[in-house]
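I am opening a notebook on this structure and will write down each thing as I look it up. The entries follow the order in which I went through the model.

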Amino acid sequence: MSQMIQNIKALGARYLIQLMKWMPIKRNKVFMMSYYGKGYDCNPKYLTEYLVKHKDKYDWDIVWAFDNPQEHENIQGIRKVRVMSLRYFYELYTAQVIVTNFRMTKQFYKRKGQYYIQTWHSSLRLKQIEKDAEASLPTDYVKMAQSDSKQCDLLISGCAYSTQIFKRAFWYDGPILECGTPRNDYLSQQDVHQQEAIKKKIGINPNQKVVLYAPTFRKGHDFSVYDLDYRQLREVLTEKWGGDWVVLIRLHPHLNSDDLQIIWSEAIRDGSKWEDIQELLAITDVLISDYSSLMFDFSFTKRPCFLYVPDLVSYIANDRGLYFDIEQLPFEMAPDRETLNEKIRRFEDKNYQDKLESFNTQIGSFEQGDACKQLAEHMARL
């Protein structure tokens, strides 16, 4: 009997969703979502904050979809709906503009009169994506991605190199707004008061320095890359730059920090549950990563970044291909802990800044700290 009731509810829901598609589209309503509703972050967040701040000029009714709307009650200037609820489908199918940073699911069929902006979730990336990595992607995902690209009206690009990737690999031949990346506006603006507020929420003294360790995901949920000697790392950082250092460890979202064999303390903290990685990057004095696109976002702070890659050969062999020769990137690379410590000791800022400038010229960066403004003005012209 319970299964019959569930089937009746599912059938009724499908009919209601179809009915919603006949309802009038509301001008100046924008539907936002990040990573399928997991949180309030990435490009949609920073575009939202810009629109709310300039509401006198851009009067949008902003609707956000969350898995758990009650966790985001304090966000001002937006309305919230639960992902996959009936209200979710009503707001989705009556919005003039849809903005997301990931693929829309197969339940989305863009209506005539709707405008779908795909911001994607990286300004630039090391690992190949979409069609360039098709052989390593699940068939179901490829079909969903191809369908999603057909519905896109606009992509945004952070650099000329990304524009070329999108044209080749995104199954998309429509307009690309070369405006930079909304979430990188935040890193370019360097708000000291906001940084102090974030540190306070985490429990870090404003005078303490932060090293963020944020490696990417490994197949098989491999934790071995988290084998750094964090005590020694703090000593080396103090030796190089002085100050009292706090280590923040950020696991990939597919991993659970509770499974990590680390004793957390005031000096070694878990940053995995902090919702917005851009806020962690903003308070970071030194970043240690590997193959993650975080390195490119962080570069706009002009602060030191190091790549710890003990599994470089096997990672390249077993994962998708790379867009760059990692040794040609502007970041110092280390295959082991001892080399990482030595790279930190010998770091030269002038050489690093020159490499960053040369790399940004090479990729044709569009990042000027005004991506949100450019995208908002584009939406206003719709």
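Which helix gives the most to the lining of the largest cavity? I looked this up and found helix α13, residues 349-363, which gives three residues to that lining. I note here that the model is a predicted one.

**Entry on the cavities.** I searched the whole structure and found four cavities of 30 Å³ or more, and for the largest cavity I wrote down a volume of about 70 Å³. Rolling a probe the size of a water molecule over the atoms shows where empty space is left. Among the residues that line the largest cavity I listed Ser123, Leu124, Gly158, Cys159, Phe296 and Phe300, and also Phe359, Asn360 and Ile363. Sorted by class, this lining comes to six nonpolar, five polar and one charged residues.

**Entry on the second largest pocket.** I then turned to the second largest pocket, for which I have a volume of about 900 Å³. Of the 32 residues that line this pocket, those closest to its centre are Lys45, Tyr46, Glu49, Tyr186 and Gln194. I also looked up which helices contribute, and found that α2 (42-53), α6 (182-189), α7 (192-202), α9 (277-283) and α14 (371-380) each supply at least two residues of the lining. By class, I counted 10 nonpolar, nine polar and 13 charged residues in the lining of this pocket.

**Entry on the open sheet.** I traced an open sheet of six strands, and its order reads β10-β9-β8-β11-β12-β13, with parallel pairing. At the edges stand β10 (268-270) and β13 (332-334), and because each has a single partner strand, one side of each is left without a neighbour in the sheet. From one strand to the next, the twist averages 25 degrees. Within this sheet I followed the pair formed by β8 (residues 209-213) and β9 (residues 245-249), which are joined in the parallel sense over five bridges, and I noted Leu248 in β9 as the bridge partner of Leu212. Helix α12 (residues 337-345) lies across β11 (286-289), β12 (305-308) and β13, and I recorded that α12 runs at about 165 degrees to β12.

**Entry on strand β5.** Are the residues of β5 (residues 115-118) buried or exposed? I found both faces of the strand covered, since Tyr115 and Ile117 on one side and Tyr116 and Gln118 on the other are all buried. In a regular strand the side chains alternate between the two faces of the sheet. I next looked up the partners of β5, and found that strand β4 (residues 95-100) pairs with β5 in the parallel sense over four bridges, with Tyr115 in β5 as the bridge partner of Val97. Strand β6 (residues 154-156) also runs parallel to β5 and is joined to β5 by two bridges, and here Ile117 stands opposite Leu154 in β6.

**Entry on Asp61.** My last look-up was Asp61, whose place is in strand β2 (residues 61-66). Asp61 has 29% relative accessibility and therefore counts as partly exposed. I noted that Asp61 and Lys26 are 35 residues apart along the chain, while their C-alpha atoms are separated by 9.3 Å. Leaving out residues up to four places away in sequence, I found that Asp61 touches Asn28, Lys29, Val30 and Arg79.

Conventions. Residues numbered from 1 in each chain as written. Predicted model: local features only at pLDDT ≥ 70, side-chain atom pairs only at ≥ 80, totals over all residues. Heavy atoms only, no water. Pairing = 2+ DSSP bridges. Axes fitted to C-alpha atoms, helices over the stretch in contact; angles between N-to-C directions. Contact = heavy atoms within 4.5 Å. 1 Å grid on protein atoms, 1.4 Å probe; cavity = no way out; pocket = protein on both sides within 12 Å on 5 of 7 lines; lining within 4 Å. Points joined across faces, edges and corners; volume = space filled by probe spheres on them. Nonpolar A, V, L, I, M, F, W, Y, C, P; charged D, E, K, R; others polar. Buried < 20%, exposed > 50% of the residue type's maximum accessible area, 1.4 Å probe, protein only.
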